[in-house]
Amino acid sequence: MITRIFPRLMKQLCLRFVTNLFPAAHMPPSLTDALAKPAALTPPVPVGSRFRGQLNYDRAKCVGCRLCVKVCPANATDYIAEEKKILIHNDRCCFCAQCTEICPVKCLTMSGAYLISSYERRESVVTDTGSTQTETKV
Ligand code: SF4
Ligand code: SF4
């Protein structure tokens, strides 16, 4: 048993961390400073090129085919019939990326943004990000 675990343990020790230290990576000496700039405590860790974060939606490119609405398992996309466009509820999205694969004009893409929790549901509604939002949101 120990002969199987030991090599694995040694391998794990050599791997780089993929998460921030808990509860904070960079805790300042003063709690007041920490509360003033909470995002600085746990800066986003780099994500891989295939990471599936918050959806980008290039509204101008969208042709209103509704395929993304039909394929979504989480009911996270709404079709706006009068505009022939969609909106995305990120608080419902399970980041499966099926909509990005089925979109015929590739106006849906997964970004690297993962710090997207909010107390306000309306903030998680995406109506248009253009084609360039790929950086991690803090
Ligand atoms: S990534 Fe998946 S869950 Fe999210 S909107 Fe697209 S199809 Fe729906
Ligand atoms: S699949 Fe693409 S083009 Fe079709 S409605 Fe959805 S976002 Fe628009």
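## Briefing: a predicted chain with two ligands

Glycine 130 counts as exposed, because 11 other C-beta atoms lie within 10 Å of its own and the limit for an exposed residue is 12 or fewer. This glycine belongs to the segment that follows strand 5 (125-126), and although 72 residues separate it from aspartate 58 in sequence, the C-alpha atoms of the two are 4.4 Å apart in space. The model is a predicted one, and the points below take up the overall form of the chain, its nonpolar core, its two ligand shells and a few individual residues.

**Overall form and domains**

- The chain contains four helices and five strands, which follow one another from the N terminus in the order α-α-β-α-β-β-α-β-β.
- The radius of gyration is 20 Å, whereas the globule rule gives 14 Å for 138 residues, so the chain is more spread out than a compact globule.
- Measured out along its principal axes, the C-alpha trace extends over about 60 × 45 × 25 Å.
- The domain assignment divides the chain into domain 1, covering residues 1-43, and domain 2, covering residues 47-138, and the centres of these two domains, taken over C-alpha atoms, are separated by 30 Å.
- Of the 138 residues in the chain, 14% are buried.
- When contacts between residues at least 6 apart in sequence are considered, 57% of them join residues that are at least 24 apart.

**The largest nonpolar core**

- The largest nonpolar core has 13 residues, and the members that touch the most others are Leu55, Tyr57, Cys68, Ile88, Cys99, Cys103 and Leu108; strand 1 (55-57) and strand 3 (85-89) each contribute at least two residues to this core.
- Once its neighbours within four places in sequence are set aside, leucine 55 has contacts with Ile88, Asn90, Cys93, Leu108, Met110 and Val126; among these partners, Ile88 and Leu108 are also listed with the core members that touch the most others.

**Surroundings of the two ligands**

- Ligand 1 is surrounded by 15 residues, of which Cys72, Ala76, Cys93, Cys96 and Cys99 are the closest, and the shell divides by class into 13 nonpolar, two polar and no charged residues.
- Ligand 2 is surrounded by 13 residues, the closest being Cys62, Cys65, Leu67, Cys68 and Cys103, and here the classes are eleven nonpolar, one polar and one charged.
- Cys99 is one of the closest residues to ligand 1, while Cys68 and Cys103 are among the closest to ligand 2, and these three cysteines also appear among the core residues that touch the most other members.

**Backbone angles with positive phi**

- Most residues other than glycine have a negative phi.
- Arginine 66 has a positive phi near 70° and sits in the loop that joins strand 1 to helix 3 (67-71); this arginine is classed as partly exposed, because it has 13 C-beta neighbours inside 10 Å.
- Lysine 106, likewise not a glycine, has a positive phi of about 55° and is placed in the loop between helix 4 (98-102) and strand 4; with 11 C-beta neighbours inside 10 Å, this lysine is classed as exposed.

**Other residues along the chain**

- Threonine 109 forms part of strand 4, which runs over residues 108-110, and counts as partly exposed, because 18 other C-beta atoms lie within 10 Å while 20 or more would be needed for a buried residue.
- Apart from its neighbours within four places in sequence, threonine 109 has contacts with Asn56 and Thr100, and its C-alpha atom is separated by 15 Å from that of valine 47, which is 62 residues away along the chain.
- Phenylalanine 22 occupies the loop between helix 1 (2-14) and helix 2 (31-36), where it counts as exposed with 7 C-beta neighbours inside 10 Å; from C-alpha to C-alpha, phenylalanine 22 and tyrosine 79 are 40 Å apart in space, with their positions 57 residues apart in sequence.
- Asparagine 75 lies in the loop that leads from helix 3 to strand 2 (77-80) and is exposed, with 10 other C-beta atoms within 10 Å; its C-alpha atom is 27 Å from that of glycine 48, and the two residues are 27 apart in sequence.

How values were computed:
Residues are numbered from 1 along each chain as its sequence is written. Chains are lettered from A and ligands numbered from 1 in the order in which they are written. This is a predicted model: local features need pLDDT of at least 70, side-chain atom pairs count only at pLDDT 80 or more; totals for chains, interfaces and linings use all residues. A residue is near a molecule or strand if its C-beta atom, placed from the backbone, lies within 6 Å of it. Ala, Val, Leu, Ile, Met, Phe, Trp, Tyr, Cys and Pro count as nonpolar, Asp, Glu, Lys and Arg as charged, and the others, Gly among them, as polar. Domain bounds come from an automatic or database domain assignment. A nonpolar core is a set of buried Ala, Val, Leu, Ile, Met, Phe, Trp, Tyr and Cys residues joined through C-beta atoms within 7 Å. Two residues are in contact if their C-beta atoms, placed from the backbone, lie within 7 Å. The radius of gyration is taken over C-alpha atoms; the globule rule is 2.2 Å times the number of residues to the power 0.38.
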